[in-house]
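Here are a few short exercises to work through with the model open in your viewer. Try each one before you read its solution.

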Amino acid sequence: MIRIAPVIPAMVLAGSLLTMPDCAQAQNDPVYSVQNGIVDQHTFNGYRRYGESCHRCHGPDGSGSSYAPSLVDSLKNLNYEQFAQVVINGRQNVTTSSNNVMPSFGLTPDVALYLDDIYGYLKARSDGKLERGRPKRADD
Amino acid sequence: MIRNVCGPKSRMDQRGINVARFRTSLLGCSILLGLGSAVVLGGPAAANDELTKLQGDANQWVMPAGNYANQRYSALDKITADNVGKMHPVWSFSTGVLRGHEGGPLVIGNVMYLSTPFPNNVFALDLNDNGKILWKYEPHQDPAVIAVMCCDTVNRGVSYADGKIFLSQADATLVALDAKTGKEVWSVKNGDPAKGETMTSAPVVVKDKVLVGISGGEFGVQGRMTAYNIKDGKLAWKAYSVGPDDQILFDPQKTMSLGHPVGANSSLSTWQGEQWKNGGGSVWGWTAYDPALNLVYYGSGNPGTWNPAQRPGDNKWSMTVFARDADTGVAKWVYQMTPHDEWDYDGVNEMILADINVKGKPVKALVHFDRNGFAYTLDRTNGDLLVAEKYDPAVNWASHVDPETGRPDVQKQYSTQAGGEDHNVKGICPAALGSKDQQPASFSPKTGVFYVPTNHVCMDYEPFKVSYTAGQPFVGATLSMFPPQGQQNLGNFIAWDASQGKILWSDPETFSVWSGALATAGNVVFYGTLDGYLKAVDMKTGKELYKYKTPSGIIGNINTYMHDGHQYIAVLSGVGGWAGIGMAAGLAGDTEGLGAVGAYKQLSNYTQLGGVLSVFSVD
């Protein structure tokens, strides 16, 4: 199993929960697991939710379209907090030359409830741990 | 494994807000539906013969498809198979917009009219003065609509009639402009983008009415065709694709399907509960009109959610050819091509009206190249099914179409319904893109042959459960697309015999052919490619006679006109649309086993964005 985030000692974790730390802490970013090409349920769900709400602009497997950026590339630079900020609030770049609008997904259950899963899936793609296409599940 | 420790808190916050949003949406929905009943204001229509006459003048290109029969054919013959090799670009025009440019320009007299993707600017260009801009119309639309457009912000062109230019704006506003000045004459709201209702297709003027469809099949809209009076924008009729008889404008006894009356509640009885309210059947293709029969013809799109397990029944009348009375909107006949869709095979592709011999008998035919990979030849007077054959040999989801019932014989191994939710069905051909999408085919009355831009792409498809939220995607399936096994061309440009249901010749293309074709009396057929070439091929053999690389990939439609004694060929380039989503980075299968070849097939390595009109001629 590939572990992206370091394992946090239980005490620290408990403390974190009590104080609700800033999600920007890198060690708390969502993680994914890819083992022999098989992904965990969260990562698979991320793939699925991506297909539901993101694919039609950002292209198959996060690889970009003619008008929306490749998220495989974007996640090399965006951390989880920045990713969440864009997805929840949306982003508009409407000028005389550009007409790009990413909607706010803060109120979209299929996205907002699974933000971590979507991030994990895209991070796996971005880290080069997942190939194009549908990831394999343990029960396939 | 440690998950994000901040997750639970933020999820609960989101859920709290979401519940409130859900309630508001449902309330809004029910109020709107209460008011949404169909309005039928029949009566004799004042005849508007102008367009019927103009469409016969080959010097102009007066409607999006060239003529009411949707033939995309021109009787012009100055550019021929012999001299097209000497064709060259003579002028070009940048639209100033980057996104996908579908559709194409109109030519009325000495003026060319064209529209752009969002923000849907309209230009009138003076052909007497090297394309100088006579006027420009810039709508003011809330850019939020961009986010609810399915597959890029395309607009498939404007229409002309009665001294007016009609524009379908992305935000579902229909606008009539003074063709001389570009000033707004009237505008009417035809849908609500907050519910995912948008407009992409070109309006079509029939007699004294302008007909517009609604897009939003991926957002659970209730699809419909609506007719407004061209004079003042007043609603004339509104015909939904799914719903009660009074909303779909069906006469249970007189509306026919394959020779039988449809009966009462023909749509409602094929949906569970009130699922029809998000039932899709959006209308975004090319509408044809037969003045002699006074019928308009168009198709409806996919049923709401791509997950078939969630919507039991045939889901009528999604995926259907409609023949409606042009004055009242009442359906004369219907034919559903893909009952209970399991693959997103929208039925919106153009209906081409052609008087041809079918199996030795002269027929008033309607020929339709469906997304599902079958080309249908119907009797357009009554909707009888005459021919249904595969126009891409790769098609495998059904073995054939039963000539009696009209139903496809679905192969269980490719049925996403049989597999059930959360089951990945592999190797289905065609992909959801269809063996052909909206990019319209052409027909030459001279040869009796159809010239068809096609896709050659397959898919894996896995449905899953989704919930409906107004204005949010209502998809419910993931899919991966790839070329048919052992093949590398993603498209073909074919010649089709609609009488026999046979491919006459087929030109392989690196990418899907996503441009509307043009057949001419000069024995040349024109089409554009995603990597940006305008191509001219020999009508008889398909042999390439000319090609020119335009500034961007072509998803627009070719047209032709005469000016000052010269025949011109015009096309919009500007890559995008669904093709721009699926192929910009190459297909999933490209990287599996094909290695460098796969990377080579990334469309982004060939072309970049940018809307440009290119005009060609022969000296």
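**Surface, fold and sheet**

**Exercise 1.** Work out how much area chain A exposes and what share of it carbon and sulfur atoms supply.

*Solution.* Keep in mind that this is a predicted model. Start with the total: chain A exposes about 6200 Å². Then split by element, and carbon and sulfur atoms turn out to supply 55% of that area. Now go from area to residues, counting a residue as buried under 20% relative accessible area. On that cut-off, 56% of the 140 residues in chain A are buried.

**Exercise 2.** Write down the order of helices and strands along chain A, then look at how far apart in sequence its contacts reach.

*Solution.* First, tally the elements: chain A has seven helices and five strands. Next, walk along the sequence, which gives α-β-β-α-α-α-α-β-β-α-α-β. Finally, take the chain A contacts between residues at least 6 apart in sequence; 58% of these link residues at least 24 apart.

**Exercise 3.** Switch to chain B and trace its open sheet from edge to edge.

*Solution.* Step one is the strand order: β3-β4-β5-β6 of chain B, four strands with antiparallel pairing. Step two is the edges, β3 (106-108) and β6 (132-137) of chain B, each of which pairs on one side only. Step three is the twist: ignoring direction, neighbouring strands in this sheet are turned by 20° against each other on average.

Now zoom in on one pair. β3(B) meets β4(B), residues 111-115, through three bridges in the antiparallel sense. Pick Leu106(B) and look across: its bridge partner in β4(B) is Tyr113(B).

Conventions
Residues are numbered from 1 along each chain as its sequence is written. Chains are lettered from A and ligands numbered from 1 in the order in which they are written. This is a predicted model: local features need pLDDT of at least 70, side-chain atom pairs count only at pLDDT 80 or more; totals for chains, interfaces and linings use all residues. Side-chain values use heavy atoms; hydrogens and water are left out. Helices (H or I, at least four residues) and strands (E, at least two) are DSSP runs, numbered from the N terminus. Buried means under 20% relative accessible area, exposed over 50%, partly exposed in between (1.4 Å probe, protein chains only). Contact means heavy atoms within 4.5 Å. Accessible areas come from the Shrake-Rupley method with a 1.4 Å probe; for residues, only the protein chains shown count as cover. Two strands pair if DSSP finds at least two bridges between them. Axes are lines fitted to C-alpha atoms, for helices over the stretch in contact, and angles run from 0 to 180 degrees between N-to-C directions.
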